[in-house]
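Colleague: I have just opened this model and would like to understand the words people use for it. Could you walk me through them?

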There are 2 protein chains.
Amino acid sequence: MFDLFHKKLTENISITEEQFELIKTLFVKKKLAKQQFLLQEGDICRYTAFVVKGMLRTYSVDEKGVEHILQFAQEGGWLADLYSFFTNEPSHFNIEALEDCQLLLITRSSWDLLLEKIPALERFFRILVQNNLVATQRRLIGSFSESAEEQYVKLIKMYPDCVQRVPQYMIASYLGITRETLSRIRSQLSVKK
Amino acid sequence: MFDLFHKKLTENISITEEQFELIKTLFVKKKLAKQQFLLQEGDICRYTAFVVKGMLRTYSVDEKGVEHILQFAQEGGWLADLYSFFTNEPSHFNIEALEDCQLLLITRSSWDLLLEKIPALERFFRILVQNNLVATQRRLIGSFSESAEEQYVKLIKMYPDCVQRVPQYMIASYLGITRETLSRIRSQLSVKK
DNA sequence: TTCATTTATTATCATAGATCAATGGAAGGA
DNA sequence: TCCTTCCATTGATCTATGATAATAAATGAA
């Protein structure tokens, strides 16, 4: 249960055995069945989640009712609406399990306590957020400078496993295009080969 | 010189007088004339900059030679290619002064030293990066769900001062549209009123 | 002030991707 | 197994924005 968790934590910072014991006590195990929600629009994001097993998506729904996927998270990844988590404002996002999931959750108050006891974790989360920022910036610039086909090809190369596990229409939503357009792109690509 | 800097630092964390003296010694004053570069594509990003006075843009140039603006920074803002700064990989971005600027720069080694001495700063930068992430996520989702006109109107509302100080074609580049399209949008908006 | 350069506007035409609609497959529940 | 629902594909339009080009306006240097 905690193997992957420990591995990910110690990739960027070093923590003692004792510290890890404390960390373990503050994270809560949680199972989520496929299609269940960890967070729903309008609710306050109470948890930051580490994914032990399974896959989830964070998405929002616009005024026309169209879904836009902000991110997928797989084993070893982290999930939360950080804005809502830190401000206690209602979230605009939904977090939904795409498969049966095992998660480790931490509340805001446990989080504060934890950082008080283990300041090194502050760095860990900064790096996490920073990597996320860099990836999001690249995605934004990519959406400006690349065609839908280029973005799709890049996505398959970067996250081949993720693309496998997720229905096409969610890939389309992640790329900011319609499922019809993605379908056309795919058929064009298969002709090219 | 350090007034705004001190104000911004103490907005999110508390630091002692003594600590602030240390911080001051590690930031270097730098003037940049309009059109000068703090960072050029291919170079390693050696500094994280705080903007005391003036305005700058971070942008990249795609294969077709088109510029895409990642962000503007004004008084009180921070600038760097974080990826390059932390990995020492060559940057894909340019950072250019749009006006005569006064900056406070810190190098990576000073930064490491500083965080060692004042761990609370780790939190400060996490919050900074986190706010940037939230803003970038919103911009990304906005580019999926809103028309160019909607995005432009929103931008004027959010950063009216910034839009004033910057030429139209850079606003267009920031929005991911051409200057011609922005021009059309503006003339349509002026008719509507 | 004048000239050169940069920036903004406007018009026309081209196109990537959206929208609407119909069909065929695949998957999950009874 | 059948049936329902969801998902992917394909075709026929439509539309927002891009590309190109010409001109006008603004800016800055001499």
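Modeller: Happily; we will take the helices, the chain contact, the strands and the DNA in turn. Please keep in mind that this is a predicted model.

Colleague: Why is helix α5(A) called roughly parallel to α5(B)?

Modeller: Helix α5 of chain A and helix α5 of chain B, residues 120-145 in each, pack at an angle of about 25°. Angles under 35 degrees count as roughly parallel, and therefore α5(A) is roughly parallel to α5(B). Their axes are 9 Å apart, and α5(A) passes α5(B) in a left-handed crossing.

Colleague: Which classes of residue make up that helix contact?

Modeller: The contact of α5(A) with α5(B) has eight nonpolar, ten polar and eight charged residues.

Colleague: How many residues does each chain bring to the contact between the chains?

Modeller: Chain A brings 26 residues and chain B brings 26 residues. To count, two residues need C-beta atoms within 7 Å. On the side of chain B that touches chain A, β5 (67-73), α3 (82-87) and α5 each supply at least two residues.

Colleague: Which element of chain B gives the most to that side?

Modeller: That is α5(B), with 17 residues. By class, the side of chain B that touches chain A holds twelve nonpolar, nine polar and five charged residues.

Colleague: Now the strands. What makes β1 and β6 of chain B edge strands?

Modeller: The open sheet in chain B has four strands in the order β1-β8-β3-β6, with antiparallel pairing. Both β1 (28-32) and β6 (78-79) pair on one side only, and they are the edge strands.

Colleague: How do you know that β1(B) pairs with β8(B)?

Modeller: Pairing needs at least two bridges, and five bridges join β1(B) to β8(B), residues 101-107, so the two strands pair. They run antiparallel, and K30(B) has L103(B) as its bridge partner in β8(B). Helix α4(B), residues 108-117, packs on this sheet and touches β3 (47-53) and β8 of chain B. The direction of α4(B) makes about 70° with that of β8(B).

Colleague: What makes β2(B) and β7(B) a pair?

Modeller: Two bridges join β2(B), residues 37-39, to β7(B), residues 94-97. The requirement is at least two bridges, so β2(B) and β7(B) pair. L39(B) has I95(B) as its bridge partner in β7(B). Four bridges also join β4(B), residues 56-61, to β7(B), again running antiparallel, and L56(B) stands opposite A97(B) there.

Colleague: Last, the DNA. Which residues come nearest to DNA strand D?

Modeller: Of the 16 residues around DNA strand D, P167(A), Q168(A), Y169(A), A148(B) and T181(B) come nearest. The cut-off for being near is a C-beta atom within 6 Å. The surface near DNA strand D takes its largest share, six residues, from α9(A), and by class it has four nonpolar, six polar and six charged residues.

Colleague: And which residues are closest to DNA strand C?

Modeller: DNA strand C is surrounded by 16 residues, and the closest are A148(A), T181(A), P167(B), Q168(B) and S187(B). Here α9(B) gives the most to the surface, with six residues. The classes near DNA strand C are four nonpolar, six polar and six charged.

Technical notes
Residues numbered from 1 in each chain as written. Chains lettered and ligands numbered in written order. Predicted model: local features only at pLDDT ≥ 70, side-chain atom pairs only at ≥ 80, totals over all residues. Axes fitted to C-alpha atoms, helices over the stretch in contact; angles between N-to-C directions. Parallel < 35°, antiparallel > 145°, perpendicular 65-115°, else oblique. Left-handed = near helix turned anticlockwise from the far one by under 90°. Nonpolar A, V, L, I, M, F, W, Y, C, P; charged D, E, K, R; others polar.
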